[in-house]
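Got your viewer open? Load the model, switch to cartoon view, and follow along one selection at a time.

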Amino acid sequence: MIAITGANGFIGSHLFKYVLKKGIKVRKITRNGDDNSFAIGNLNSCTDWSKALENIEILIHCASITNFDDKKSSSIEELNEVNIKATKNMAEQASKMGVKKIIFISSIKVNGEITQKNKQFNNSSKAKPQSLYAISKYKAENILKKISNKCDLELVIIRPPLVYGEFVKGNFLSLINFVSLGIPLPLKIINNARSIIYVGNLVYFI
């Protein structure tokens, strides 16, 4: 059976629907739970995963904090608690419970914020995280690698770029709203290219 954390989030919700359509047994893990999901509560270093991961072979970890106030220490602490410490706790319990594989949804920001012209990021690119969010993802990756190396636990790390699609939020939604106004936007004078991926294609890859 497959388990998906953050299954009510943008990527997680699309992934859950896709897996269901494929007829694969899947457990939807969310914070508060609903009729179709397993409630895990708040993610932290003390979260009990014993029931959520029972009989799970593959764990897809989509849950994380992406939006936070980097000027508030409490918000930064929550970021590190969820993205780093909670991930470590989850993986340690998963390895003891017989989970065979963890697929970790990280971020291309782990590689850095910019690339040189015609030199895309690839598997051999060195990590250069700059934002607090990217650093938290990179630390989580390294923790998962250490746990994977110690245990019989396969690890897959995916670093997607900006993801768009139905129900997208954040800056991409703001851009859509600006375009929908029908007024000219000064985008031609901006020398800035972004790699993006449709959520359906990302879900298919996962």
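Which elements cover the buried residues of α3? Keep that in mind while you get your bearings; what you have on screen is a predicted model.

**Stop 1: helix α3**

Select residues 132-150, which make up α3. You can check its length with the distance tool: at 1.5 Å a residue, its 19 residues should span 27 Å, and the end C-alpha atoms are indeed 27 Å apart, so the two agree.

Now show the side chains. Tyr133, Ala134, Ser136, Lys137, Ala140, Glu141, Leu144, Ile147 and Ser148 are the buried ones in α3. Because they cover an arc of only 155° around the axis, they sit on the same side of the helix. Spin to the other side of α3 and you'll find Lys146, Asn149 and Lys150, which are exposed.

Back to the opening question: the cover over the buried residues of α3 includes α2, β5 and β6, the last being residues 154-158.

**Stop 2: the sheet**

Hide the helices for a moment and colour the strands. You're looking at an open sheet of six strands, in the order β3-β2-β1-β4-β5-β6, with parallel pairing. Which strands are at the edges? They are β3 (38-39) and β6, and each of them pairs on one side only. As background, strands of a sheet pair through backbone hydrogen bonds, either parallel or antiparallel.

Zoom in on β1 (residues 2-5) and β4 (residues 58-61): these two pair in the parallel sense over four bridges. Pick Ile4, and you'll see Ile60 of β4 standing opposite.

Next, slide over to β4 and β5, which run parallel and are joined by four bridges. Two pairs are worth labelling here. Ile58 has Lys101 of β5 as its bridge partner, and His61 stands opposite Phe104 of β5.

Bring α2 back into view. Trace from β4 through α2 to β5, and you have followed a right-handed β-α-β unit.

**Stop 3: Phe104**

Stay in β5 and select Phe104. Is this residue buried or exposed? With a relative accessibility of 1%, Phe104 counts as buried.

Leaving out residues up to four places away in sequence, Phe104 touches His61, Thr87, Lys137, Ala140, Glu141, Leu144, Leu155, Val156, Ile157 and Ile158. Some of these should ring a bell: Lys137, Ala140, Glu141 and Leu144 are among the buried residues of α3.

Try one more distance. Phe104 and Cys62 are 42 residues apart in sequence, but from C-alpha to C-alpha they are 6.8 Å apart in space.

**Stop 4: the nonpolar cores**

A bit of background first: in soluble globular proteins, nonpolar side chains tend to be buried together.

Show Ile29, Leu43, Trp49, Leu59, Val99 and Ile102 as spheres. They have the most contacts inside the largest nonpolar core, which has 25 residues. At least two residues of this core come from each of α2 (73-96), β5 (101-105) and α3. Which element gives the most? That's α2, with six residues.

Now click on Ile102 and show its neighbours. Apart from residues up to four places away in sequence, Ile102 touches Leu59, Ala91, Ala94, Leu153, Glu154, Leu155 and Val156.

There's a second, separate core too: 17 residues, including Ile4, Ala7, Leu202 and Val203. You've already met Ile4, opposite Ile60.

**Stop 5: Ser75**

Go back to α2 and pick Ser75. Ser75 has a relative accessible area of 13%, so it counts as buried. Among residues more than four places away in sequence, Ser75 touches Phe68 and Asp69.

**Stop 6: two loops with a twist**

Most residues other than glycine have a negative phi, and most peptide bonds are trans. Your last two selections have a positive phi instead.

Start with Asn55, in the loop between β3 and β4. Its phi is near 65°, a positive value in a residue other than glycine. With a relative accessible area of 61%, Asn55 is exposed.

Finish at Phe167, in the loop between β7 (162-164) and α4 (170-180). Phe167 isn't a glycine, yet it has a positive phi of about 75°. Is Phe167 buried or exposed? At 54% relative accessibility, Phe167 counts as exposed.

How values were computed
Residues are numbered from 1 along each chain as its sequence is written. This is a predicted model: local features need pLDDT of at least 70, side-chain atom pairs count only at pLDDT 80 or more; totals for chains, interfaces and linings use all residues. Side-chain values use heavy atoms; hydrogens and water are left out. A nonpolar core is a set of buried Ala, Val, Leu, Ile, Met, Phe, Trp, Tyr and Cys residues joined through side-chain atoms within 4.5 Å. Buried means under 20% relative accessible area, exposed over 50%, partly exposed in between (1.4 Å probe, protein chains only). Contact means heavy atoms within 4.5 Å. Two strands pair if DSSP finds at least two bridges between them. A crossover is right-handed if, with the strands pointing away from the viewer, the path from the first strand over the helix to the second runs clockwise. The expected span of a helix is 1.5 Å times one less than its number of residues. The arc is that of the directions from the helix axis to the C-beta atoms.
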